[in-house]
Amino acid sequence: MTSRRTLLAAAALLPAAAVRAQAAPLRLGVPFPPGGPTDLIARILAQLLPDELGARPVIVENRAGAGGSIGAEHVVRAAADGDTLLVGTVSTQVLNKALYSRLSYDPVADFAPVALLAEVPLLGLIPPPFPAADARAFIDAVRARPGQYSYASPGNGTIGHLSGALFCMMAGLDMAHVPYRGSAPAITDLIAGRVHLSFDALSSTIGQVRTGTLRTIGIATARRVAQLPDVPTLEEGALPGFQTYTWNAVLAPRATPAGVVLRLNAAINKVLASAPMAARAEELGLLLPPGGMTPEAFSAYIAREAQKWLPVVASTGVKLD
C-alpha cells in the first residue's frame, strides 16, 4: 500500500501547471443574458485573464433578471474570497438604487470595486428623413414644435431612456419618451420614422450609420472616436457638458481582502493594456481606461456617476417595482 509520505512526495513532483489546473475557477457573474454587450465583454476578459492568473480557468455565469439585480445579489452572497466576481454596469451599481424601492443589495456598501473594464459610447440617432443636418438643427427643429416629437429607448430606466431624458433637460426640449422591450424594436421604429431620436451603443449601430440606414447627430463622448472620426461629439455640436455612455466593470463582495482585490486589479489592468484587448476594443468601439484604474479611482468614478444619474432618474419619476 502506498504510504502517505510517498503520496506527498509524488505531489511535490507534479508539474506546476498540473497543480494550477486543480485550482477552483474564477467565476465572472454576468447579470444579463448571454449574447448582450456585458456578456461579450465578460467573455473577452475570461479568454485573456487566465494568462495573468497563472493559467487559472475563468468561467462566465449568466444570471439575468430585474435589471441585473438578480445576478448582482448572487455575487453579494458569495464567499468573499475573490473566486466569484460581478461584471457590473451603470445599472447594477448606480441606477438600480433609484429604480427599485426594495433592492436586495446595496450597490455601494455590498461591493468592493475592483476595476473599470470599458466605457461603451452612445450615439444620438435619428431617422434618415429627419430635416436636420446636425445636433443644433435637430434641437432647433424640436424646440419649434414642442410635444410633437418623441425619443425611443430599450425600456424604462435603461441608460437609453435616461440619456434621452438628460438630453431633453439640457437642451430644453419637450419630447415624449417611448419605451420598448429592447433595442431592436426601438431601432426598427426609429428607422421607420415613428420615433425621432434614440441613444444606443456605437458598437451595435455603427453599421447602420455607415450604410445610411440611420443618421447620427453626434457621439456622446468627451472626444471623437476612431471608428467614426468625422462624427462630432454632442458637446462640440450643441450641448457643452453632455456625455453619456454605459460601462462595464469588475466588483467583488465587500469583505474580499484588500490584497486579493489589488491582485485582481493588477491582473485585469494588464489585460486591458494588452494588444489582443486593444484589438477587440477597436473592433467593438469600446473605450478602455488609459493605464487602467485603481480600486480607489474606480470607487470615485462610481460616486461621480451616482451624482450625475440619480437626479435624472428622480426627474423621470420611474420606478420598476
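**A guided tour of the core and pockets**

Begin by selecting phenylalanine 138, which touches Ile126, Phe130, Ala132, Phe167, Met175, His196, Leu197 and Ile217, leaving aside residues up to four places away in sequence; contact here means heavy atoms within 4.5 Å. The model is predicted, so local features need pLDDT of at least 70 and side-chain atom pairs pLDDT 80 or more, whereas totals for chains, interfaces and linings use all residues. Residues are numbered from 1 along each chain as its sequence is written, and side-chain values use heavy atoms, without hydrogens and water.

Next, add Phe167 and Trp247: together with Phe138, they touch the most other members of the largest nonpolar core, which has 86 residues. Such a core is a set of buried Ala, Val, Leu, Ile, Met, Phe, Trp, Tyr and Cys residues joined through side-chain atoms within 4.5 Å, where buried means under 20% relative accessible area (1.4 Å probe, protein chains only). Then colour strand 4 (residues 111–126), the source of the largest share of this core, 10 residues; strands are DSSP runs of E of at least two residues, and helices are runs of H or I of at least four, numbered from the N terminus.

Now turn to the lining of the largest pocket, which divides into 19 nonpolar, 18 polar and two charged residues. Ala, Val, Leu, Ile, Met, Phe, Trp, Tyr, Cys and Pro count as nonpolar, Asp, Glu, Lys and Arg as charged, and the others, Gly among them, as polar. A pocket is an open set of points on a 1 Å grid over the protein atoms alone, where a 1.4 Å probe fits, with protein on both sides within 12 Å along at least five of seven lines; lining residues have an atom within 4 Å of a point.

Finally, select helix 12, which gives the most to the lining of the second largest pocket, with three residues.

Note on methods: Buried < 20%, exposed > 50% of the residue type's maximum accessible area, 1.4 Å probe, protein only.
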